[in-house]
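Colleague: Could you take me on a close walk through one part of this chain? I'd like to hear what touches what, how the helices sit against each other, and anything odd in the backbone.

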Amino acid sequence: MATLGKSAPRAQRPSTDTLDYRGLNQGLQAVAQGVADYGAVLDKGDQRRAAEAMASVREQFDPAFNTAVATYDGQTPGFASAQAKAYDDHVELARQGLTPTQQRYFDQTNLEQRLRVLDQASGVEAQAQGAHLRQVRAADQNSRIIRLTGDFQQQTKTALRAAFVEADPTAPDFLPSRLADFDQRAAEVMKGVSPEDAPLVKLQLENQRRDLQNVAADTARGLLDARIVDNTRQTVSLLINSVREDPGELTAALAKIPAAVSQLPADLRQKMGAALPGDMIASALDGLESREDYYGMEALLADKRTKALLAPPQFAAMQARVTTAATSQKRQLAAQTVNDRFQAELASIASTGQSTGFDPASLISVYGPVDGPAKVAAARQSIEDAKTVRQATYDFAALTPKDQAARLDLLKPKPGDPDFARKQQVYNLALATGQEQSRLRLTDPAAALLVDKSAAELWRGVADGTPASAQAWANDALRRQAAIGVPADQQRILPVAVAKDMVKAVVADKEPVGKTAALTGLYGYAQRFGPNSGRVLLELQRAGLPPAEAAVINAVDGDPIVVGAYARALTQAPLVKLDAPTKAKLEAKVAAQLKPLVESYAGSQDGLAYSNALSFAVSTMARANMADDADVDAAARSAARNFLQRYAFDTRTGNRLPAAEAARKVMMVPGTTAENLNRTGEVLSSARMVAPPREATGEVAARIGSYRVLRDLVSNDGAGLSPVAGRGAALAPEDYRKRYATQVAHSGRWVSTGDDAGMMLMLPSPQGGLMPVLAADGKPVVRSWSDLYSRAGKP
């Protein structure tokens, strides 16, 4: 049990976050233990008093009983009943001087004693009368009564335990309801008792009823006492925490102590009232120390009232605490300030190569003349090492792996070098920094190039909108990334952060007008990069630009009319509620309208993804058209027309050609004759040639160039094609190549590449879909538009 009257140690102060009792070992813990001790003392006293009363009954009853036994002649009936009556009279007199609790303990002992007296008296009566049968009957009666009333008593206890769980024993109606239940059940018991047993059973039931009253009353009093203790704990904890949170509340909290403990028993109230001032003063010191208000701590202990409230040992301990805390904190603050400046110096050198102006000599003021010089020397060496690492790694991401290794080798120490451990540490830091820069080169290679001054200058031109800067940057960035070993599929034109910021602005704008301006602006920005505009759009899509929005602006060259219609559809389409059949019908109509366009992109996975995104956008626009009361057919046609009207479709094959290119004259290709054009048209129609949506400089050039590429591949028995070794054991490789050339000549199909940078020659696959035609080097036949235009100018 905690010793009352002594303040709790500093480490056990209550928390300001929760209602804890660490600071209450002099108060609240004393309350809890005190209540337990107090209850135990009372309980033992009640038991002792009940035992004394029972002893008094026997002292008074036994002599008279012995005399009656000695003088009983066996002729007078009812000897046992008379002795039981005499015993009960003594018992009743003894109970009148007991409290309810003491009566309960007394009754617990009395039942056994009374049965023993009755049994003894009955035995005397039976022996005196020589009636053995009556003695047996008396024993049977006692057994019946004990069994009957014992079972009933157990039922009463079980019902009472359940009632304690289900109801509040302190409620006014609790005891009356339990007694009413007891009386009802007791009446049912008495109905089945014989007249001979009835008096004794009734007496036992009355004793049990008194016991029920006593237990219920004691439980209610115990609960009330526990609630008082718990409420006091909560109140005192709130007072202590309020002082910690605001030490200025100390005076008010001290004044509330008498009221806070007023409901406790007198002895506990006195002990807690004496201990709480010390706890509250310690809590106030906690609050002041957490605010680093050491002047406030000193002022609190200088107050005469504080000293009067504390015992001398308590006061001395608190004074020592304040002195130690203030001195230690001042040193820590000074050391932390200097150390923060030193770390800022190292961070600045590592990130920019520039100094913040930190002077290592300032460490002397913190560490003194003895330890200070060593600290200064170590700091200066650390700064020099940071500069060395910065110089070796600042442009690491822009170097080839070979140059990186050479740079690091210059820093790697050799065994036996002076100060080997420090040099090895510098090398390890440079290696780790270089590896981090190398990871940046793979995750954000465009940003990694900006460490180079010339590259940074080009990018500033892009950011400023300087004409031709975008194309110059794109060409230079891709060249540099290839030179330092960045894989082609990981090369980037836009720094990741730039792409994400641009896309974030587009996605955030939900209004049709703002969305239109944002999307057309994004497309215009991509076009500044010239031939690399498609790559830029793809990077923006990877940065979060929705695929459908990217497909729309790409398909219509950023046309604000079509983009505006799509932006409006984004807000209108969700308002149109379609049942499942109507929705399926609308999607089927859209797919039928777009089939020629979608088939143009069958040559690659990227192309399929692009056409799927475009189909989704058209379906969205068609659904929005239905908000204007358009039927399914009209809604699909109207939405698809925004994209189909930009292309001319071959009447026999259904494949698309750019509308603008199809309208150009034959004479765009020097030396082209009508005869050659007709022949080219026939060949390419059978080959299902497809032209790109934007970047062709002429339909005729594309047709003629693709025809000549195909002719070159299949001529000389397919000399330009792969021999497809091992395909078909019945044919020699050269014979298989001839057959392969025949298949390509009759079934070859040119389709747009996924990025619209050119075309790929494909063959129908036996398994369905398309498969690429392989050239003699075993690679797919892919030609850029510039290759095709160039080939068109050569016979």
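Modeller: Happy to, and keep in mind that this is a predicted model. Let me begin with Gly-720: leaving aside its neighbours within four places in sequence, it is in contact with Leu-713, Ala-775 and Ala-776. You'll find Gly-720 in the loop between helix 29 and helix 30 (733-747). It is partly exposed, because its relative accessible area is 23%, and the cut-off for buried is under 20%. There's a long-range pairing here as well: Gly-720 and Leu-774 are 54 residues apart in sequence, yet C-alpha to C-alpha they are 9.1 Å apart in space.

Just before that loop there's a backbone oddity. Asp-717 is not a glycine, but it has a positive phi of about 60°. It belongs to helix 29, which covers residues 699-718. With a relative accessibility of 46%, Asp-717 counts as partly exposed.

Now for the stretch I'd really look at closely, around helix 20 and helix 22. Which residues of helix 22 are buried? They are Ala-548, Glu-549, Ala-550, Ala-551, Val-552, Ile-553, Asn-554 and Ala-555. That is eight of the nine residues, so helix 22 is largely enclosed by the rest of the structure. Notice that a Glu and an Asn are on that buried list.

After helix 22 comes Asp-557, with a positive phi near 55°. Asp-557 is no glycine either, and its place is the loop between helix 22 (547-555) and helix 23 (560-572). Its relative accessible area is 37%, so Asp-557 ranks as partly exposed.

So how does helix 20 meet helix 22? Their axes come within 10 Å and cross at roughly 65°. That makes the two helices roughly perpendicular to each other, since angles of 65 to 115 degrees fall in that class. The crossing of helix 20 past helix 22 is right-handed. From the helix 20 side the residues involved are Lys-515, Leu-519 and Tyr-523; facing them in helix 22 are Glu-549, Ile-553 and Asn-554. By class, that contact has three nonpolar residues, one polar and two charged. For anyone picturing such a face, an α-helix has 3.6 residues a turn, so residues three or four places apart point the same way.

Helix 20 packs against helix 21 (residues 533-542) too, with axes that come within 8 Å and cross at roughly 135°. That angle makes helix 20 oblique to helix 21. Here too the crossing is right-handed. Helix 20 brings Leu-522, Tyr-523, Ala-526 and Gln-527 to this contact, and helix 21 brings Ser-533, Val-536, Leu-537 and Leu-540. The tally for helix 20 with helix 21 is six nonpolar and two polar residues, with no charged ones. Tyr-523 takes part in the contact with helix 22 and in the one with helix 21.

Stay on helix 20 (residues 512-527) for a moment, and look at Thr-516. Its relative accessible area is 12%, so Thr-516 is buried. Setting aside residues within four places in sequence, Thr-516 is in contact with Pro-560, Val-563, Gly-564 and Ala-567.

The region also ties into the largest nonpolar core, which has 63 residues. Those with the most contacts inside it are Trp-473, Ile-493, Leu-494, Phe-529, Leu-540, Leu-545 and Phe-643. Helix 25 (residues 605-625) supplies the largest share of this core, eight residues. Apart from it lies another core of 36 residues, including Phe-61, Val-91, Phe-174 and Leu-200. Going back to Leu-545, it touches Val-503, Val-506, Leu-519, Leu-522, Leu-540 and Ala-550, not counting residues up to four places away in sequence.

One last stop is Val-496, in helix 19 (residues 496-508). At 27% relative accessibility, Val-496 is partly exposed. Beyond its neighbours within four places in sequence, it is in contact with Thr-443 and Asp-444. Val-496 and Pro-445 are 8.7 Å apart in space, C-alpha to C-alpha, with their positions 51 residues apart in sequence.

Notes:
Residues are numbered from 1 along each chain as its sequence is written. This is a predicted model: local features need pLDDT of at least 70, side-chain atom pairs count only at pLDDT 80 or more; totals for chains, interfaces and linings use all residues. Side-chain values use heavy atoms; hydrogens and water are left out. A nonpolar core is a set of buried Ala, Val, Leu, Ile, Met, Phe, Trp, Tyr and Cys residues joined through side-chain atoms within 4.5 Å. Buried means under 20% relative accessible area, exposed over 50%, partly exposed in between (1.4 Å probe, protein chains only). Helices (H or I, at least four residues) and strands (E, at least two) are DSSP runs, numbered from the N terminus. Contact means heavy atoms within 4.5 Å. Axes are lines fitted to C-alpha atoms, for helices over the stretch in contact, and angles run from 0 to 180 degrees between N-to-C directions. Angles under 35 degrees count as roughly parallel, over 145 as roughly antiparallel, 65 to 115 as roughly perpendicular and the rest as oblique. A crossing is left-handed if the near helix is turned anticlockwise from the far one by less than a right angle, and right-handed if clockwise. Ala, Val, Leu, Ile, Met, Phe, Trp, Tyr, Cys and Pro count as nonpolar, Asp, Glu, Lys and Arg as charged, and the others, Gly among them, as polar.
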